[in-house]
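Student: Before we settle on any descriptive words, could we look at the model together and ask what each word rests on?

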Amino acid sequence: MNTYPIGVLFSRSGGYSRPAEQGYFGALAAVADINADDAYPFRLEAHHADPKGNADRYAELCRDLIRQTGAQHIVGCTTSWSRKEVIPVVEKLDALLWYPCVYEGFEVSENLVYIAACANQQLVPLLDYIVPRFGARGFLTGANYIWGWETNRIARDVLTRSGGSVLGERYVPIGDDDIGHLIEEIREKRPDFILNNLIGNSSYAFLAAYQALGKEDPAFLPENCPVVSCNLCENETTRLGTIPEGQYTVSSYFRALASEENDRFAARMKAENPEQVADAFFVQAYAAVVMIADAIRRTGSDEAQRVLEAVREHETTTPLGSLRVDPATNHVSLHAHIGRTRADGDFEIVHHCSEAIAPDPFLTATPLDRLYANMAADARQLRVVR
């Protein structure tokens with residue numbers, strides 16, 4: 001029986017280890033499931049490298065995984081910074097990076113498969129939901145690198161072109177928990193909502209401080225001025241207790257999604273590891289490995305380009321639904337569900353996206369003009385009601 005190596009490249013320590021570890025656990029869970037399934041006439045062997053949150057180590061470790069283990073496929077990277085460090089390596093060595101984290105868009109590579117949402121599949125639907133309900137005066141926060149910069153740039157464009165405004169835009173280094181100045185500025189400017197593009201420890205510190213602000217001033221309670229995120233998942237919220245209660249997240253996957261398939265998957269993952277939460281980061285990495293295995297079964301080879309052709313031509317059944325890679329962009333179509341955090345850290349689904357959204361990483365096909373007009377009308381109506 002053939003054995004095919006899979007590279008797994010996630011930081012299990014550092015300032016954003018919680019979401020990164022989810023990718024690690026998701027990839028390994030999928031490898032175990034494939035190896036236990038007689039439908040696959042081969043085995044996968046996972047080889048993990050841990051950059052420990054140091055962006056300068058990703059390229060080197062990716063190169064080592066490919067050259068030393070023979071892996072044609074790398075599942076990994078959490079931040080856009082680390083992803084961009086790895087792209088030249090997989091392009092030079094003709095391997096595939098399977099990227100399982102939400103990102104800002106405006107990128108395509110023949111050697112990269114994007115398994116998570118770009119901006120038209122997460123940020124745009126999130127703002128389309130939030131603005132009519134709370135208002136179009138936003139305060140933007142972000143980690144001080146490309147994810148924060150670009151996501152806030154898109155948000156600023158959506159808000160200002162729909163008649164809204166950005167009352168503040170502030171950044172902190174990845175993992176920095178010194179965020180008191182953000183809270184004071186929010187207290188002073190009193191926005192309608194806060195867009196949270198912080199990651200890891202920075203996000204957790206901000207959410208805790210914002211909850212304290214809401215206890216001091218009811219204007220900043222979630223029902224009046226929520227924090228909304230594109231990258232906050234159950235593995236993080238459940239560890240934060242009641243801190244994020246009432247805040248909003250958009251995601252292609254929630255554990256609370258009601259379906260027989262999802263119920264079975266979530267229950268099986270919990271039974272196999274009671275301490276592990278199968279959230280979006282976990283499931284997106286899991287789906288990447290399942291797509292690789294399905295393509296190997298179809299082609300009889302793990303050669304990168306043959307696998308890529310197979311996932312472009314055929315759908316693969318995953319916990320995210322049936323996925324097929326768009327040949328023009330190497331992205332997949334995904335749902336944009338919106339959840340509100342409960343006291344136990346799980347999510348109540350407040351908006352269920354019934355149809356998957358086609359990827360539009362450069363925002364060239366998304367009908368933004370109609371969105372701007374609708375959001376502007378909704379925001380004006382909200383001001384009249386208030």
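**Surface, fold and one helix pair**

Tutor: In this predicted model, the protein exposes about 14900 Å², of which carbon and sulfur atoms supply 47%.

Student: What makes the protein as compact as a globular protein of that length?

Tutor: The protein has twelve helices and 14 strands. Its radius of gyration is 20 Å, and the globule rule, 2.2 Å times the number of residues to the power 0.38, gives 21 Å for 386 residues; the two values are close, so the protein is as compact as a globular protein of that length. Along the principal axes, the C-alpha atoms fill a box of roughly 65 × 40 × 40 Å.

Student: What percentage of the residues is buried?

Tutor: A residue counts as buried when its relative accessible area is under 20%, and buried residues make up 58% of the 386 in the protein. Among contacts with a separation of 6 or more, residues 24 or more positions apart account for 69%.

Student: Why are α9 and α10 called roughly perpendicular?

Tutor: The axes of α9 (residues 260-272) and α10 (residues 280-299) come within 13 Å and cross at roughly 100 degrees. Angles of 65 to 115 degrees count as roughly perpendicular, and the two helices are therefore given that description.

Student: Which residues of α9 and α10 meet?

Tutor: From α9, F265, R268 and M269 meet F282, V283 and Y286 of α10, with heavy atoms within 4.5 Å. By class, this contact has five nonpolar residues, one charged residue and no polar ones.

Methods:
Residues numbered from 1 in each chain as written. Predicted model: local features only at pLDDT ≥ 70, side-chain atom pairs only at ≥ 80, totals over all residues. Heavy atoms only, no water. Axes fitted to C-alpha atoms, helices over the stretch in contact; angles between N-to-C directions. Helix = DSSP H or I, 4+ residues; strand = E, 2+ residues; numbered from the N terminus. Parallel < 35°, antiparallel > 145°, perpendicular 65-115°, else oblique. Nonpolar A, V, L, I, M, F, W, Y, C, P; charged D, E, K, R; others polar. Buried < 20%, exposed > 50% of the residue type's maximum accessible area, 1.4 Å probe, protein only. Areas by Shrake-Rupley, 256 points an atom, 1.4 Å probe, with all protein chains shown as cover.
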